[in-house]
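Biologist: I am new to this structure. Please take one part of it, the salt bridges, and look at them closely before placing them in the rest of the chain.

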Amino acid sequence: MSEKLLVPDIGEFEKVEIIELLVKPGDQINLNDPVVTIESDKSSVEIPSTISGKIESVNVKVGHKVSMGDLLLSIEPSKENSSEKPIPKDTESIIKQAESVLKNEKKEETIQQKPVEEKKQTIIQVTNNNDIDPLETQDWLESLSAVVEKDGNQRAHFLIKELINKAYREGANIPYTQHTPYINTIPPEAEVKSNGDQNIERRIRSLIRWNAAAMVVRANKKFPELGGHIGTFASAATLYDVGMNHFWRAKNNKFGGDLVYFQGHSAPGVYARAFLEGRLNEKQLDSFRQEVKPGGLSSYPHPWLMPKFWQFPTVSMGLGPMLAIYQARYMKYLINRGLIKDEGRKVWAFLGDGEMDEPESLGAIGLAAREKLDNLIFVVNCNLQRLDGPVRGNGKIIQELEGSFRGAGWNVIKVIWGSYWDSLIANDKTGHLVKVMNETVDGEYQAMKARDGAYVRERFFGKYPETQELVSSLSDKDIWRLNRGGHDPHKVYAAYDQASKNQGSPTVIIAKTIKGYGMGKTGESVNTTHQTKKLDVDDLLYYRDRFDVPLTDEQVKNVEYFKPDEKSLEIKYIKEKRMRLGGHLPERTTYSKPIKAPAKNIFDFMKVSTGEKEMSTTMALVRMFTNLLRDKNVSPRLVPIIPDEARTFGMEGFFQKIGIYAHEGQKYEPEDSAQLSSYREDKSGQVLEEGINEAGAMSSWIAAATSYTNHDIEMIPIYIFYSMFGFQRIGDLAWAGGDSQARGFLIGATAGRTTLAGEGLQHQDGHSHLIASTIPNCVSYDPTFHYELAVIFREGLRRMHEKNENVFYYITTMNENYSHPSMPKDKKCEEGILKGMYKIKEFNRYDKTKIQLLGSGTILREMMAAAEVLQDEYQIDSEIWSVTSFNELRKEGMEVERYNLLNPDKEQKVSFVEQCLGKTEGPIMAASDYMRMNSDQIRPYTNKSFYSLGTDGYGRSDTRKNLRKFFEVDKEHIVAYGLSVLAKEQLIASKYAKEAIKKYNIDGSKPMPTKL
Ligand SMILES: Cc1ncc(C[n+]2csc(CCOP(=O)(O)OP(=O)(O)O)c2C)c(N)n1
Ligand SMILES: [Mg+2]
């Protein structure tokens, strides 16, 4: 018995056109194989088969219009179908999800039950004056201690939670606990100890400190303008060293490697370690910040400038945290899609406490917790200072960050106090020490470290008799030695160890340090630390002594580097540690295989006219994607990224077809589950639906676009957004994308100042191409017709993903519907499309007066319409050029001009613009839906008179026609301006232009749109 396949529920659409038949009678098909593609005026969607079997008959043809319930085809079902009905998809995925959640919960449970190993007996003295029954309080606290000792912290945590819940239910006023006391999260007895040799590690760290400072001082001695930073790394040295010696595993042929985002300003320290490891030599250190000659060390982490070393650009504050979060998320995405193995790799990000004020720094921490990114570890170096002064003079940055991260659901580990404090805290029976710690603000903490032990005794311990007493047996020197957690390798190790083992949530380690640690009076903990880049001889001698660097006074005066002999214990140790961790870090490599570009004819359907059918280039793009998803090489590598605009762009068909990535799958049956384009979330979903979050979407794009180096798998990210919320919104991330050598597509949809008619000033983009042109490795296009888009897109795939060129593409697509012509047969057309212009039409009827009309995007069509008027009504011939990229033309023009200027004696090259236009007749008039500056870019590369029209000024809402009239890029203005140009060039009489201005009601007294 044959089964009938009907048109499923396609939402509100009726009479939707069949644009493709994907099967024919006799074909064997499987369940879910697409059989036809239908297209509404907004989007195209494939209809999948609901059974496997052999096609008996196809009842529709291309061009037919169908609605829900119409018969598409008959299928003779194969045997497997008949035995048992498959479990409906949703139910199946819900069961799978439930099973995996159960598994995870079990895993979490086992971890939670692990008790803390040993616990000292604590005697609790309750002294709070507000306590009406101290004995009762003591009972409770001792019970709690007993639970911690017997069953561990997690059990204690559970009981406290239960108590709070109970109290809440009984109506008690529950205090909001955003913070924990100002002490370390990990108590000394729970610290996991490092197996490293602390003496050697200290010596190594001292040498790294010295060499890092020396390289900045030497560079500035030579060229004071070079700048650099000593204080940042000085505060972070231990944080890096412990990671480098014990935790961060490098990429090699057995393991994918941990990914470390280094704080930008600590670059000298990273170079100094690479020097000891033998990766860099003295000459290279001496070329710090002198990058013009090859081999120089870049000021900050820049993969573009040091492509074999740096992996992540971080120096624009706030980008590192976001990029790291989305990197960790993307790593899980690759794992859940089965594209890479789960090897327990981690993403570590080092951030400054001042940097945490960037909204971007905290902007995505909710996502990290929601997605349970236990592969992510933030380390915030809280040296309490930023550039100008304290981060929170009147408050406490550590507590503030703790609150934010705890609130977001992170595992927070505070590393505030070093080991010298342990006994003091243990002896703080009255709680006064913790009280002072809680009460002291960061401004005071900073000031204390700029002074001495006596000052700390007076100002800190002197606050209460109890704390004064606590340190009565310590000398001022002892007090000065009380160290901060971030400088204590034991505390840092314990925190890293716990962070690495944490499951189910991301971890932030908030470490307290001293800015300019060890730099002495001129550089330690003072407000000017950040910019200290020169140390005088006394400071250098102090620094040497502080860290016992084995250099003579003379060597110190010469600011010599120090590297122990290759056979020394230090060098052996440092190398051995890295060998054990798999190799060097940071190191940028790639072993990914290129993706074979799809067959040249894959987009041939876009090279024929759409006839009467009108569509936007956005829709053409979505059609193209649908085809790409059928290419077995390309399809799995596509990463469509959308910030809550899939329906705007007609991409909702992707939800069913490839699914939306959701690490927990879909725990609910979507409201629209019966529909063809139902909102389908899936653990192995392919679409990154980012929500209203352009910065996050761009961060995802960068992660996917650099997948070839960070995960050794070439991926093709396609991020499609409202063009106005692209470069304008996330320009700095795009710049970092360029620096990262990202490869992928950015699609500025609904682009242009006048195509998105009703949306108004904030939505209408007339400048994204100009911003795109500022990024050297961004290749950008503004195509008009579907075949242009097809040629550009395929070439992008070839260049980036097959040939592995380090460029990325920005393509604008519009939402204006029009019919698309066939691709011109001229062989040069394809070359022209890619280089930036080709002749699309010529009017030669009168052979008298001619004008060259250059148009791009939707305005090309206004140009074409104007040319007809010029011919029919004014006997003016014209040649019309479709300019797919003013940006690309300009790049080529600049290069040719430079070559010619450098080679005045050689045969002069001709720019592509001039090759196209040099021998043509008449002046040039160019226009686009962007500012005049867009088309003006090619003005220098032609010897002809050149005029441009454009959409300078704020957008506004109105009809498309009125907007084009307002910005003077409609066909009427093009005709009138064209005639004026010809009159100015003395090719026709001015009266024609005057007449046209009158005829088209062009108001000459209207101010420039930029002034309106
Ligand atoms: C977006 C951005 N704004 C400003 C700067 C300039 N800047 C560089 S470092 C710095 C202070 C950094 O303080 P913090 O984050 O606390 O790092 P620290 O050096 O103290 O570790 C500033 C303002 C920058 N690099 N990026
Ligand atoms: Mg700081």
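Modeller: Glutamate 802 is a place to start: its relative accessible area is 23%, so it counts as partly exposed. On this scale, buried means under 20% relative accessible area, exposed means over 50%, and partly exposed lies in between, with a 1.4 Å probe and protein chains only. The model is predicted, and local features are given only at pLDDT of at least 70 and side-chain atom pairs only at pLDDT 80 or more, while totals for chains, interfaces and linings use all residues. Residues are numbered from 1 along each chain as its sequence is written, chains are lettered from A and ligands numbered from 1 in the order in which they are written, and side-chain values use heavy atoms, with hydrogens and water left out.

The side chain of glutamate 802 meets that of lysine 803 in a salt bridge, at 4.0 Å from N to O. The term stands for a side-chain nitrogen of Lys or Arg within 4 Å of a carboxyl oxygen of Asp or Glu. Lysine 803 has 52% relative accessibility and therefore counts as exposed.

Another pair is glutamate 879 and lysine 839, whose closest N and O atoms are 3.4 Å apart. Glutamate 879 belongs to strand 26 (residues 876–883) and lysine 839 to strand 24 (residues 837–843), so this salt bridge ties together parts that are 40 residues apart in sequence. Helices (H or I, at least four residues) and strands (E, at least two) are DSSP runs, numbered from the N terminus. The two partners do not share a class of exposure: glutamate 879 is buried at 5% relative accessible area, whereas lysine 839 is partly exposed at 33%.

A further salt bridge joins aspartate 422 to lysine 491, with 2.8 Å between the closest N and O atoms. Aspartate 422 sits in helix 13 (residues 422–426) and lysine 491 in helix 19 (residues 489–501), so the pair connects parts 69 residues apart in sequence. Here both aspartate 422 and lysine 491 are buried.

Salt bridges can also share residues. Glu17, Glu39, Lys613 and Arg623 are linked in a network of them. Over the whole structure, a search finds 59 salt bridges.

Now for the chain around these pairs. Its secondary structure comes to 37 helices and 28 strands. Of the 1012 residues, 56% are buried. The radius of gyration, taken over C-alpha atoms, is 34 Å, which agrees with the value near 31 Å for a compact globule of 1012 residues; the globule rule is 2.2 Å times the number of residues to the power 0.38. Along the principal axes, the C-alpha atoms fill a box of roughly 105 × 85 × 60 Å.

Contacts (heavy atoms within 4.5 Å) also span the sequence: among those between residues at least 6 apart, 77% join residues at least 24 apart. Proline 224 gives an example, since it touches Lys533 and Lys534, leaving aside residues up to four places away in sequence. The C-alpha atoms of proline 224 and lysine 534 are 8.9 Å apart, although their positions lie 310 residues apart along the chain. Proline 224 is in the loop between helix 5 (198–222) and helix 6 (231–247), and at 49% relative accessible area it is partly exposed.

There is also a metal site. The magnesium ion (ligand 2) is coordinated at 2.0 to 2.1 Å by Asp353 (OD), Asn383 (OD1) and Gln385 (O). Donors are N, O and S atoms within 2.8 Å of the metal (3.2 Å for Na, K and Ca), and water is not among the atoms, so sites may look incomplete. In sequence, the donor residues are spaced D-x29-N-x1-Q. Asparagine 383 and glutamine 385 are both buried.

Last come some backbone details in loops. The peptide bond from leucine 585 to proline 586 is cis, with omega near 0 degrees. Proline 586 is in the loop between helix 22 (569–580) and strand 14 (614–615). Threonine 750 has a phi near 45 degrees, a positive value in a residue other than glycine; it is in the loop between strand 20 (745–749) and helix 28 (768–773) and is buried at 3% relative accessibility. Glutamate 968 also has a positive phi, near 65 degrees. Glutamate 968 lies in the loop between helix 35 (960–967) and helix 36 (971–984), and its relative accessible area of 10% makes it buried.
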